[in-house]
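Got your viewer open? Let's take a walk through some empty spaces and a couple of helix pairs, one selection at a time.

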Amino acid sequence: MSVTQKSIEQLSIDTIRTLAIDAIEKAKSGHPGMPMGAAPMGYQLFARTMKHNPSNPSWINRDRFVLSAGHGSMLLYALLHLSGYDLPLEEIKNFRQWGSKTPGHPEYGHTPGVDATTGPLGQGIGMAVGMAMAEAQLAATYNREGFPIIDHYTYAICGDGDLMEGVAGEAASLAGHLKLGKLIVLYDSNDISLDGELNLAFSENVAQRFEAYGWQVLRVDDGNDLEAIAKAVEAAQAEKSKPTLIEVKTIIGYGSPNKAGKGGHGGPHGSPLGPEEAKLTKLAYGWDPETEFHVPQEVRDHFAGVKARGERANAEWDKLVEAYKAAHPELARQFELAVGGELPDGWDADLPVYDGSKAVSTRVASGEALNALAKRVPNLVGGSADLESSTMTHLKGLPVYKPGSYEGRNIYFGVREFAMAAAMNGIALHGGLKVYGGTFFVFTDYLRPAVRLAALMKLPVVYVLTHDSIAVGEDGPTHEPIEQLASIRVIPGLTVIRPADANETAAAWRYAAANRTGPVALVLTRQNLPIVPGTAELARTGVERGAYVIFDAANGKPAAQIIATGSEVQLAVAAAKALAEEGIGVRVISMPSWDLFDRQDQAYRDSVLLPDVKARLAVEMAHPFGWERYVGEKGAVLGIDTFGASAPGDRLIREYGFTVEHVVAKVKAML
């Protein structure tokens, strides 16, 4: 086949389609329909519109691309391969196989050129919103006249399923409110979902909904009309004060004689075409039906030009940054540190140390630590889901992030917990900013899918989770976390820290701010807590190592060990002192983080939690699940396996047995 028979654009589009068909056929699983229908819009973005450098996938000023409809991953892999990213044809042939760079859904950090892990529908839109938020913040902070060092767009392709998910609506509402004009979402509108025709479950007017959110909405009636797609993208770029949704009407499985446009499990949404249908489809494209994984040389040459264009754009930007360094040296240094994820000298110098003169809730201590960091870490940004006065997440004296003031560092996410967490992921994926978000701990159930993706992508976002136990009190069981601690502790890669007092909280923030390898959840109290004696000296290294001895038997080996977290550490110490008066020596271990403790070597763990002292009691105002790993067969757990109640917090603490007398009795019963 030659370029004279078919335009280079069409030849490229059909190459994308056939690579997707062949990879899915070889894997015997996958979703061919979306790549076949959406290939023209993917081609338009990667080959004609986007500023990207396949030789430098992490270039900070590249256009971002999020395939929110992550099941169509072969569309993205074909585009990355053809564009010259480090994704050879052999990886396309190994689609969905063990150890390949082409997993079933795109994975950030695994495949070069993938800007976000997607597949759980709706979250890609939320992450794209976060990326656009980050671009606007960095541009407002660092750009100067003649030096647009951050100036790019964020593109996403979504499907009908994405737009049914609630998180997409939350995120789109936020984007419209913020007037994120550099966010452009192309909607692959094919009227088909997995179960069949879309009208089985979805009949709303998407255009009117997005216009109500404050978006510009455009429509392309023929998804194969490349010039119409190009004009719509240009119109989207020209609209500076609104994000844009481009509805592109496509045919799922385009070109398949027997399956194109069909829904249900017999359609092309979520299963291979089959060998005979694949050949018929290739014939419909004017393709040799006997070839597999064929890339015409003309297409190779064409995409080599795409790569060269990206390399030139990157090189021109490098020159701009060199000139920027000369013109604005201090700002350039700050920019370099931010983009590199590094902290400035003395970043933790203002973190407070508490002497015990007054009781402080760990949420208040968190706010004090956060503000101390914000003074010295200029790229620290964040906010809460309409709870800043309760989560203590406001950065005092700093501007609000809003249209016309994108340099603001206080973000008002609104009552959109899931969108907040998804946008935080997008902000972190973009690079250049350290982001945190706050809500009540019980509402981690609203955050969880995005927390899971943050852990999967190893993003160093920070969750400020307050009102951490039944001590919330009068708000009652709807607002009192019980199972949440156990449930977030099982998320791989999420570091959970529940500090015992204000000193442990400052140490937790020190760890979270310096951390670069995954998300951190800070679980904090509403009620005031006394400063536990010894934490001013021990908390810094103790928190970093997950657990440490905060009180010990006066003489010789202890008869029992009490392990506690958060507000229960003070209770454990008080009980140990009462037992000491009766001649029973007890070691108290503050264990703010299981995750950090489990990462320590065996020698350290054995020095803290003595292996040969089998009488062990764990004390935590939460579900006891998981504590058996530390207390062993002969140990016990004082926890809560029922929902809470509405009453003053101190009354609830007593009613549920978190008293010195009860802890003492539990220890004696073990002995």
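**Stop one: the second largest cavity**

Start by selecting α16, which gives the second largest cavity the largest share of its lining, four residues. Keep in mind as you go that this is a predicted model. α16 spans 444-457, and β12, at 462-466, is the other element that supplies at least two residues here. To see the whole wall, select T444, L447, R448, V451, Y463, L465, I488, I491, L494 and A521. How much space lies inside? About 60 Å³. Colour the lining by class and you get eight nonpolar residues, one polar and one charged.

**Stop two: the largest cavity**

The structure holds four cavities of 30 Å³ or more, and the largest cavity has about 70 Å³ of space in it. Select F46, M50, H52, N53, N56 and P57, then add R62, D63, F65, Y85, G113 and D115, and you have its lining. By class, that lining splits into five nonpolar, four polar and three charged residues.

**Stop three: the largest pocket**

Now switch from cavities to pockets. The largest pocket has a volume of about 720 Å³, and 38 residues line it. Which of them lie nearest its centre? Pick Y108, V339, A428, L429 and G431, and centre your view there. For a wider selection, show α12 (329-340), α15 (417-430), β11 (434-440) and α18 (502-514), the elements that each give two or more residues to the pocket lining. Colouring by class again, the pocket lining has 21 nonpolar, twelve polar and five charged residues.

**Stop four: α1 against α2**

Time for helix packing. Two packed helices are described by the angle between their axes and the distance between the axes. Select residues 8-27 for α1 and 33-49 for α2: the two axes come within 9 Å and cross at roughly 140°. At that angle, α1 counts as oblique to α2, because roughly antiparallel would need an angle over 145 degrees. The crossing of α1 and α2 is right-handed.

Show side chains next. On the α1 side, pick E9, S12, I13, I16, R17, A20 and I21; they meet P35, M36, A39, P40 and Y43 of α2. This α1 and α2 contact is made up of nine nonpolar residues, one polar and two charged.

**Stop five: α7 against α8**

Last selection: residues 166-178 for α7 and 206-213 for α8. What is the crossing angle here? Roughly 45°, with the axes coming within 8 Å. That makes α7 oblique to α8. From α7, show G169, A172, S173, G176 and H177; from α8, show R209, F210 and Y213, and you have the residues that make the contact. Coloured by class, the α7 and α8 contact divides into three nonpolar, four polar and one charged.

How values were computed
Residues numbered from 1 in each chain as written. Predicted model: local features only at pLDDT ≥ 70, side-chain atom pairs only at ≥ 80, totals over all residues. Heavy atoms only, no water. 1 Å grid on protein atoms, 1.4 Å probe; cavity = no way out; pocket = protein on both sides within 12 Å on 5 of 7 lines; lining within 4 Å. Points joined across faces, edges and corners; volume = space filled by probe spheres on them. Nonpolar A, V, L, I, M, F, W, Y, C, P; charged D, E, K, R; others polar. Axes fitted to C-alpha atoms, helices over the stretch in contact; angles between N-to-C directions. Parallel < 35°, antiparallel > 145°, perpendicular 65-115°, else oblique. Left-handed = near helix turned anticlockwise from the far one by under 90°. Contact = heavy atoms within 4.5 Å.
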